[in-house]
Amino acid sequence: MNIDRKKALLDQMRGGLIVSCQTQPGDVIHDGTNTVVLMAKAAEWAGAVGIRSNSPEQVKAIHEAVNLPIIGLHKIKYDCLDDVIMTPTIEHAIALWEAGARIIALDSTQMLNHIGKPRCDLIPIIKKELPEAIIFADIDTYDNALHAIELGADIVAPTMCGYTKATEGIEPPDLREFARMCRDFKGRAEVIMEGHIYTPEDAMKAIYLGAHSVVVGSAITRPQLITKRFVDLLGGLQDNWRDAEKTWTGITTNA
Ligand SMILES: CC(=O)N[C@H](C=O)[C@@H](O)[C@H](O)[C@H](O)COP(=O)(O)O
């Protein structure tokens, strides 16, 4: 992809919804690639402009089934680290590209990787080894977004906000910081909203603030979490109801 083709692909997705279709071993709905392919087909049917997908296996299956650009990442857990790294090495990036992802997403924070180097250091390596790929930097803070752009990222998104030490205690989405990124990075990189978007109205707010597009995952493709949100809320009400009932019937602990 030359620069014009990259720009055309990004323009084609502008203003739209990207659906993250991911399942991992251990998820109640994980079954290899069948579920994610069905979710991606549903997203395409509904008018999404792109898919975000984890692992070359799921990227390849989705690429064969739907006609939408794919943002590929590969979550890897190393024994020496507590957390999972999204696309830690150039080999992972190449495998995603070969599976059909034209946009490669990676952890672009300054946290250290499995060999003790800042994770964002992979950006220039991808740029050199996969010059055709569009680089999607998953960042946590404004400063790390800026750093990722300086290293050559085409896209930045606050995917990691709330998941790193630097953003501990922040309740994402941090729309104020997001607006600052959209304003300051205009013309240098695309800014995509990703992480903790639960309603169409929140997605719309991000677009009004200047987002190129919006990635939504859990609110669409994790039925177990959607269900849990209902159950937890009703569970709280059930407790209140039981307490109230005890008071009405006089069966309180003090009665
Ligand atoms: C932090 C991390 O590992 N994020 C992952 C990135 O691919 C996914 O698990 C998220 O679902 C995705 O970012 C979309 O976010 P949300 O599910 O909040 O809409």
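In which hand does α4 pass α5 where the two helices cross? The structure to be examined is a predicted model, and the answer, that α4 passes α5 in a right-handed crossing, opens a description of its helix contacts, its sheet, the shell around its ligand and two details of its backbone.

## The contact of α4 with α5

Helix α4, which covers residues 90-99, packs against helix α5, which covers residues 122-129, at an angle of about 45 degrees, and the axes of these helices are 10 Å apart. Because angles under 35 degrees count as roughly parallel and those of 65 to 115 as roughly perpendicular, α4 and α5 are described as oblique to each other.

From α4 the contact takes Ile90, Ala93 and Ile94, while from α5 it takes Leu122, Ile125, Ile126 and Glu129. When the residues of this contact between α4 and α5 are sorted by class, six are nonpolar, none is polar and one is charged.

## Helix α7 and its partners

Helix α7 (residues 175-185) packs with helix α6 (residues 142-151) at an angle of about 30 degrees, their axes being 10 Å apart. That angle makes α6 roughly parallel to α7, and the crossing of these two helices is right-handed. On the α6 side, Tyr142, Ala145 and Ile149 take part, and they meet Glu177, Arg180, Met181 and Phe185 on the α7 side. The classes represented in this contact of α6 with α7 are five nonpolar residues, no polar residues and two charged ones.

Helix α7 also crosses helix α8 (residues 200-209), at roughly 35 degrees, and the axes of α7 and α8 come within 9 Å. Here α7 contributes Leu175, Phe178, Ala179 and Cys182, and α8 contributes Lys205, Ala206 and Leu209. By class, the contact of α7 with α8 has six nonpolar residues, no polar residue and one charged residue.

## The sheet

Which strands stand at the edges of the sheet? Nine strands form an open sheet, in which the pairing is parallel and the order is β9-β8-β7-β6-β3-β2-β1-β11-β10. The edge strands are β9 (190-191) and β10 (193-194), each of which pairs on one side only.

The strands β10 and β11 run parallel and are joined by two bridges. Glu194 stands opposite Val215, a residue of β11.

## Around the ligand

The ligand is surrounded by 16 residues, and the closest of them are Ser20, Gly195, His196, Gly217 and Ser218. Sorted by class, this shell around the ligand holds seven nonpolar, seven polar and two charged residues.

Strand β11, already met in the sheet, has a part in the shell as well: β11 (214-216) and α9 (218-221) each supply at least two residues of the shell around the ligand.

## Two details of the backbone

Most residues other than glycine have a negative phi, and most peptide bonds are trans. Against that background, two places in the loops deserve a careful look.

Ser55, which lies in the loop between β2 (50-54) and α3 (56-65), has a phi near 85 degrees, a positive value in a residue other than glycine. In a further loop, Pro172 and Pro173 are joined by a cis peptide bond, whose omega is about 0 degrees. Pro173 lies in the loop between β8 (155-157) and α7, the helix that packs with α6.

Methods:
Residues numbered from 1 in each chain as written. Predicted model: local features only at pLDDT ≥ 70, side-chain atom pairs only at ≥ 80, totals over all residues. Axes fitted to C-alpha atoms, helices over the stretch in contact; angles between N-to-C directions. Helix = DSSP H or I, 4+ residues; strand = E, 2+ residues; numbered from the N terminus. Parallel < 35°, antiparallel > 145°, perpendicular 65-115°, else oblique. Left-handed = near helix turned anticlockwise from the far one by under 90°. Contact = placed C-beta atoms within 7 Å. Nonpolar A, V, L, I, M, F, W, Y, C, P; charged D, E, K, R; others polar. Near = placed C-beta within 6 Å. Pairing = 2+ DSSP bridges.
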